[in-house]
Amino acid sequence: MAFFIASSPHSHSKKSTSTIMMTVILCCVPGIAALCYFFGWGVLVQIALAALTAVLAEAAVVSLRGRPVKRYLKDHSAMLTGILIGIAIPPFSPWWIAVIGALFAIIIAKHLYGGLGQNPFNPAMIAYVVLLISFPVQMTTWIPPKALMTQPVGLLDAISAVFTGLTVDGFSVNQLRIAIDGSTMATPLDTIKTSLLAGKTVSEAVELPVFGSFAGLGWGWVNVAFLAGGLAMLKMRVIQWHIPVSMLATLLVFSLVGYAISPDGVASPLMQLFSGATMLGAFFIATDPVSASTTPKGRLVFGAMIGALVYLIRSLGGFPDGVAFAVLIANMCVPLIDHFTKPTVYGHKKESQ
């Protein structure tokens with residue numbers, strides 16, 4: 001009988017790391033399908049690029065470290081990281097955005113710290129923040145939902161636009177960003193922030209076509225789809241309830257208070273919960289077993305911290321959506337959170353901190 005010593009995450013269920021990662025990937029499918037429905041084939045192109053790059057980078061680094069490549073690839077962690085990066089990237093960003101993001105996530109954010117179980121930060125979120133800060137134009141070039149597009153974009157158009165900057169018919173990405181009302185498209189949260197900076201109120205901002213549904217045209221249903229996938233993971237006990245419930249509850253409380261104080265100065269609670277990366281962050285990002293808090297009380301604190309930071313960054317910060325920044329800041333605080341929330345060992349008195 002051989003005894004193996006391995007790094008975290010240590011699962012106390014019968015499910016292997018490979019099974020858990022694949023389950024998370026499958027639970028992403030409803031959200032990915034909703035993104036494709038509203039924003040077209042470019043979503044799948046970015047996901048495929050990022051996932052392929054992540055898997056190849058994982059194989060290369062593992063090989064250089066003298067580890068068995070096949071065994072490491074079987075855990076599907078690199079593929080999941082690539083998929084999450086692809087989801088976060090605008091559909092028509094240049095191909096090299098997805099490639100750089102996936103390479104940075106796997107090589108720097110993951111293996112520089114020792115690989116799966118050793119990384120203190122969520123690799124996908126580090127990659128997203130690096131891309132957002134380094135290439136702000138490309139990372140904010142969102143196209144209108146299909147209902148507002150002036151030109152139909154098929155699969156070949158999406159592939160061509162990602163790799164060449166032009167569709168098959170010669171339309172540039174900037175031309176595709178123009179909605180039917182002649183405005184340049186941005187996400188609902190970005191539109192609200194831009195409108196507020198221009199001296200407008202939230203009430204005036206939500207009159208634009210991009211706010212055609214309860215939380216922004218397309219974005220509300222995308223968040224509902226990721227919520228459905230997250231609830232499926234909870235039901236299958238792939239993740240625990242503490243972090244998503246704590247994060248969403250805190251975001252809701254902060255939103256209600258802020259909206260009561262200044263209804264025309266901040267986005268509504270419904271917009272806060274069902275726009276941007278809220279549900280993706282709550283169920284698929286913040287619950288990462290490696291970089292999140294490990295104690296039950298700690299998870300509640302960790303989730304609440306993310307929810308509060310998301311609201312503060314969206315309302316007071318320079319970026320329209322603060323999920324990635326909030327998760328990384330909370331990741332930095334995990335050792336401290338775990339230290340003050342660790343359960344008392346049975347038979348021992350709790351020591352003073």
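**Exercise 1. Contacts of Phe92**

Task: In this predicted model, find which residues Phe92 touches, not counting residues up to four places away in sequence.

Solution:
- Start from the side of lower numbers: Phe92 touches Gly42 and Gln46.
- Then go up the chain. Its further contacts are Ile143, Val153, Ala158, Ala161, Val162, Val173 and Leu176.
- Now place Phe92 in the wider packing. The largest nonpolar core has 92 residues, and Phe92, Phe284, Phe302 and Ile306 touch the most other members.
- Helix 18 (residues 323-341) gives this core its largest share, nine residues.
- A second core of five residues is separate; among its members are Ala57, Ala78, Ala102 and Ile106.

**Exercise 2. Met233**

Task: Decide whether Met233 is buried or exposed, and list its contacts beyond four places in sequence.

Solution:
- Locate the residue. Met233 sits in helix 13 (residues 219-235).
- Check its cover. The relative accessible area of Met233 is 0%, so Met233 is buried. The cut-off for buried is under 20%.
- List the partners. Met233 is in contact with Val24, Cys27, Val238, Ile239, Phe283 and Phe284.
- Link back to Exercise 1. Phe284 is one of the residues that touch the most other members of the largest nonpolar core.
- Finish with a distance. Met233 and Leu131 are 102 residues apart along the chain, and their C-alpha atoms are separated by 29 Å.

**Exercise 3. Salt bridges**

Task: State how many salt bridges the structure holds, and work out which helices the Lys110 pair ties together.

Solution:
- Count. There are two salt bridges.
- Take the Lys110 pair. Lys110 bonds with Glu58, with the closest N and O atoms 3.1 Å apart.
- Map it. Lys110 belongs to helix 6 (residues 95-110) and Glu58 to helix 3 (residues 42-64), so the salt bridge ties together parts 52 residues apart in sequence.
- Check cover. Lys110 and Glu58 are buried.
- Take the other pair. Asp321 and Arg314 form a salt bridge at 3.0 Å, N to O. Both of these residues are buried.

**Exercise 4. Helix 14**

Task: Compare the span of helix 14 with the expected value, then find what its buried residues pack against.

Solution:
- Read off the length. Helix 14 (residues 242-261) has 20 residues.
- Compare. The helix reaches 29 Å from its first C-alpha to its last, close to the 28 Å expected at 1.5 Å a residue.
- Pick out the buried positions. They are His242, Ile243, Pro244, Ser246, Met247, Leu248, Thr250, Leu251, Ser255 and Gly258.
- Recall the geometry. An α-helix has 3.6 residues a turn, so residues three or four places apart point the same way.
- Name the partners. The buried residues of helix 14 pack against helix 15 (269-274), helix 16 (278-285) and helix 17 (296-316).

**Exercise 5. A nonpolar patch on the surface**

Task: Identify which residues make the nonpolar surface patch of about 760 Å², and classify Ile159 by its accessibility.

Solution:
- List the members: Trp41, Leu44, Trp95, Leu155, Leu156, Ile159, Phe163 and Val168.
- Find the main contributor. Helix 9 (residues 155-164) supplies the largest share, four residues.
- Place Ile159. This residue is in helix 9.
- Classify. Ile159 has 34% relative accessibility, so it counts as partly exposed.

**Exercise 6. Ser195**

Task: Find where Ser195 lies, and whether Ser195 is buried or exposed.

Solution:
- Locate. Ser195 is in helix 11 (residues 188-197).
- Classify. Its relative accessible area is 8%, so Ser195 is buried.
- Add contacts. Beyond neighbours within four places in sequence, Ser195 is in contact with Lys200 and Ala205.

How values were computed:
Residues numbered from 1 in each chain as written. Predicted model: local features only at pLDDT ≥ 70, side-chain atom pairs only at ≥ 80, totals over all residues. Heavy atoms only, no water. Patch = residues over 30% accessible without salt bridge, like charges linked within 9 Å, V, L, I, M, F, W, Y side chains within 5 Å. Areas by Shrake-Rupley, 256 points an atom, 1.4 Å probe, with all protein chains shown as cover. Salt bridge = Lys/Arg side-chain N within 4 Å of Asp/Glu carboxyl O. Helix = DSSP H or I, 4+ residues; strand = E, 2+ residues; numbered from the N terminus. Buried < 20%, exposed > 50% of the residue type's maximum accessible area, 1.4 Å probe, protein only. Expected span 1.5 Å × (residues − 1). Contact = heavy atoms within 4.5 Å. Core = buried A, V, L, I, M, F, W, Y, C linked by side-chain atoms within 4.5 Å.
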